[in-house]
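Here is a short tour of a protein and DNA assembly, with a look at who sits beside whom. Please keep the structure open as you read.

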There are 2 protein chains.
Amino acid sequence: MSERSKPAKGSLAEVARQAGVSIATASRVLNRSSHPVAEATRKRVLEAAEAVGYSPSALARALVTQRSRIIGVIVGDIVDPYFAEITRGIEDVGAKAGYLTIVCNADRRTELEEEQMRVLVDYHAEGVVFAGSGYVNDPKGTELSRLVERARERGMTVLSLAHRDFECPRIVVDNRAAAYDLTDYLISLGHRRIAFIKGPAGLYASEHRLEGYLAAMEEAQLEPGPIFEGDFTYDLGHAAALRMLGGAELPDALIGANDETSIGAMTALRQAGVSIPEDISVAGMTDTRLARFTDMTTVNIPLYQFGAVAARRIIAGESDGAGDEVVLPHRLVPRSTTTRRGAR
Amino acid sequence: MSERSKPAKGSLAEVARQAGVSIATASRVLNRSSHPVAEATRKRVLEAAEAVGYSPSALARALVTQRSRIIGVIVGDIVDPYFAEITRGIEDVGAKAGYLTIVCNADRRTELEEEQMRVLVDYHAEGVVFAGSGYVNDPKGTELSRLVERARERGMTVLSLAHRDFECPRIVVDNRAAAYDLTDYLISLGHRRIAFIKGPAGLYASEHRLEGYLAAMEEAQLEPGPIFEGDFTYDLGHAAALRMLGGAELPDALIGANDETSIGAMTALRQAGVSIPEDISVAGMTDTRLARFTDMTTVNIPLYQFGAVAARRIIAGESDGAGDEVVLPHRLVPRSTTTRRGAR
DNA sequence: GAGCACTTGGTAAACGGTTTCCTTGACCCT
DNA sequence: AGGGTCAAGGAAACCGTTTACCAAGTGCTC
């Protein structure tokens with residue numbers, strides 16, 4: 001079939017041969033290089049490219065230019081709307097700048113984050129975004145710290161969207177303040193006994209939200225209401241509500257550490273014949289679409305913005321600034337699952 | 001600083017130099033090549049690799065081996081749990097086989113799918129999964145067809161998880177049967193007037209579901225109830241319910257073309273004081289977690305399986321079989337939003 | 001002690017691009 | 001005619017791997 005060398009389908013070499021020019025020239029017109037090329041030649045190359053269906057190998061290009069145009073994001077679980085929203089923010093601004101976003105699921109486990117970090121380094125990602133919160137004093141975190149350090153040495157930009165043990169610029173929301181504000185809001189509605197369902201134990205985000213709740217209660221000189229274990233899931237929210245129903249007297253209000261937890265709790269309550277918000281006010285945190293769909297009071301965390309801001313920094317190639325932290329604003333979103341106490 | 005040549009950080013060359021061996025030898029031990037290497041040498045290389053933090057360039061490797069180990073998936077919107085679940089299925093089985101998954105958002109638009117397809121070709125993806133349904137007689141589809149054809153010529157595996165205009169193996173669910181079964185179930189509960197909220201106009205999935213609904217009604221010799229426009233979103237579901245409330249008499253039951261639509265409708269109904277399922281039975285389709293959270297009757301579509309099966313085929317490198325289609329089973333999931341007619 | 005097989009290691013050619021550094025003419029000026 | 005400038009194009013190095021092929025040494029057989 002072929003004479004001797006057979007350039008790959010749609011490769012630059014094929015285009016060049018077809019147009020009767022050197023590879024260099026073909027490359028130049030296809031990249032709008034500043035190097036001058038005669039109009040006639042340019043046209044021939046363009047036609048050849050069209051004819052053979054030229055598709056520039058991003059791999060080869062990345063190799064030689066030392067720019068992969070890849071952004072990696074390590075999420076707990078892409079099915080969780082929390083992470084999906086963030087990812088969407090990254091992808092949108094990334095794509096606009098010609099970047100490819102690679103999403104890695106870590107199943108909320110540090111070892112897997114480590115694994116995924118390695119993969120991202122192997123693919124020469126220009127930046128990596130850690131979307132999820134870290135665990136307090138995570139023993140498995142030291143290896144991850146080393147990896148991050150190495151990545152930085154190789155010129156990669158590493159960012160996190162929550163509190164983490166390793167050194168890196170952060171884009172966050174003040175979880176403590178968010179929980180404080182929400183609790184404070186419920187108190188202002190006249191509620192006294194306010195229950196709380198926690199997030200996963202040891203997660204910075206969980207701890208901070210709990211702290212915010214406790215601080216608001218203390219400031220109002222209220223006894224912190226019953227506190228339940230949770231893990232950000234519907235199921236544990238549901239379970240907590242059942243335990244609460246088994247208790248002596250129903251609290252005035254209930255806060256879940258995130259939306260999903262609160263929805264699980266609401267479902268259990270409603271199934272038990274409890275009216276919301278007449279019998280008890282319920283609120284969540286994060287403001288995912290779940291909250292909107294259920295018309296639930298919550299506090300908005302700008303997830304999409306998290307992603308967008310992170311992507312912009314990576315694209316700009318922010319040369320480090322390891323220590324800094326930008327805090328994005330949260331916002332209380334009152335909806336129909338909370339009401340003034342005794343409004344029944 | 002450096003003598004003359006300075007190998008990149010963590011590169012094979014650096015490892016080789018550090019271990020005092022050739023690059024070839026280093027590569028061999030690091031890849032467990034069958035080529036024999038003396039134990040002492042192997043150890044030196046391994047230590048050197050550890051010391052310099054060797055990270056094999058996936059890019060370079062992909063270039064030379066002609067295997068990128070990349071799977072691409074083109075979704076409508078990663079925030080939509082429908083697509084997120086599918087993606088998760090792909091990622092899980094892909095990762096287990098050492099594959100990287102690249103998710104591309106196409107915003108449910110054919111032009112963007114085309115764009116994303118190009119990107120995936122540029123990155124030498126070994127396989128591409130089209131997760132979303134196509135539009136009936138899409139004029140923009142011809143260019144996409146050409147792209148797909150080209151991709152196939154280059155050895156890529158292209159699959160779709162719904163009906164599409166271009167030729168490619170499909171992994172699907174029988175949407176017509178699914179809608180038929182659901183409708184049939186409602187009829188068996190004694191409902192006579194059954195309303196339907198459609199999906200996006202022109203989408204194969206929408207059309208098929210509508211057809212299934214109509215077929216079941218006709219077979220039961222029932223007049224198809226009011227039919228509303230929709231687009232798979234909460235908002236249009238909500239709007240449709242409002243229009244329905246403005247109508248003469250409330251139907252016995254309501255089917256939304258997907259879960260989100262039905263939830264929007266339920267919210268509107270409840271806000272208007274309508275009890276579900278006492279006053280009207282409501283059901284959705286797909287069985288996303290949304291349906292579970294709201295304890296809504298629906299028909300399950302095995303999204304995760306879609307992804308898993310697709311990924312397995314790509315990894316196996318299925319040499320085409322352009323025509324074939326595998327149909328995964330759907331399953332009716334009765335929950336608390338539907339009940340026997342007059343059960344009030 | 002020549003011939004041979006096997007072990008161990010290195011050399012160099014890919015892969016598909018980008019980019020630096022030439023070479024070649026054409027043109028202009030003096 | 002000689003020299004300089006500039007437009008246009010090509011040759012080749014390089015990015016970091018894998019791998020086909022070759023070379024040297026060892027130990028064995030006959």
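## Around DNA strand C

Let's begin with DNA strand C, which has 27 residues around it; A:Ala8, A:Leu12, A:Ala60, B:Ser22 and B:Ala24 come nearest. Keep in mind that this is a predicted model.

Which elements supply at least two residues each to the surface near DNA strand C? From chain A they are helix H1 (12-19), H2 and H4, and from chain B they are H2 and H4. H4(A) provides the largest share, 5 residues. By type, this surface has 17 nonpolar, 8 polar and 2 charged residues.

## Around DNA strand D

Turning to DNA strand D, we find 28 residues surrounding it, the closest being A:Ser22, B:Ala8, B:Leu12, B:Ser57 and B:Ala60. Two or more residues each come from helix H2 (23-30) and helix H4 (58-65) of chain A, and from helix H1 (12-19), helix H2 (23-30) and helix H4 (58-65) of chain B.

On this surface H4(B) gives the most, with 5 residues. The split here is 17 nonpolar, 9 polar and 2 charged.

## Where the chains meet

Now for the protein partners: chain A and chain B each bring 37 residues to their contact. On the side of chain B that touches chain A, at least two residues apiece are supplied by H4, helix H5 (81-96), strand S2 (100-105), helix H6 (110-122), helix H7 (141-153) and helix H11 (259-271).

Of these, H5(B) has the largest share, with 6 residues. The side of chain B that touches chain A is made up of 19 nonpolar, 9 polar and 9 charged residues.

Methods. Residues are numbered from 1 along each chain as its sequence is written. Chains are lettered from A and ligands numbered from 1 in the order in which they are written. This is a predicted model: local features need pLDDT of at least 70, side-chain atom pairs count only at pLDDT 80 or more; totals for chains, interfaces and linings use all residues. A residue is near a molecule or strand if its C-beta atom, placed from the backbone, lies within 6 Å of it. Helices (H or I, at least four residues) and strands (E, at least two) are DSSP runs, numbered from the N terminus. Ala, Val, Leu, Ile, Met, Phe, Trp, Tyr, Cys and Pro count as nonpolar, Asp, Glu, Lys and Arg as charged, and the others, Gly among them, as polar. Two residues are in contact if their C-beta atoms, placed from the backbone, lie within 7 Å.
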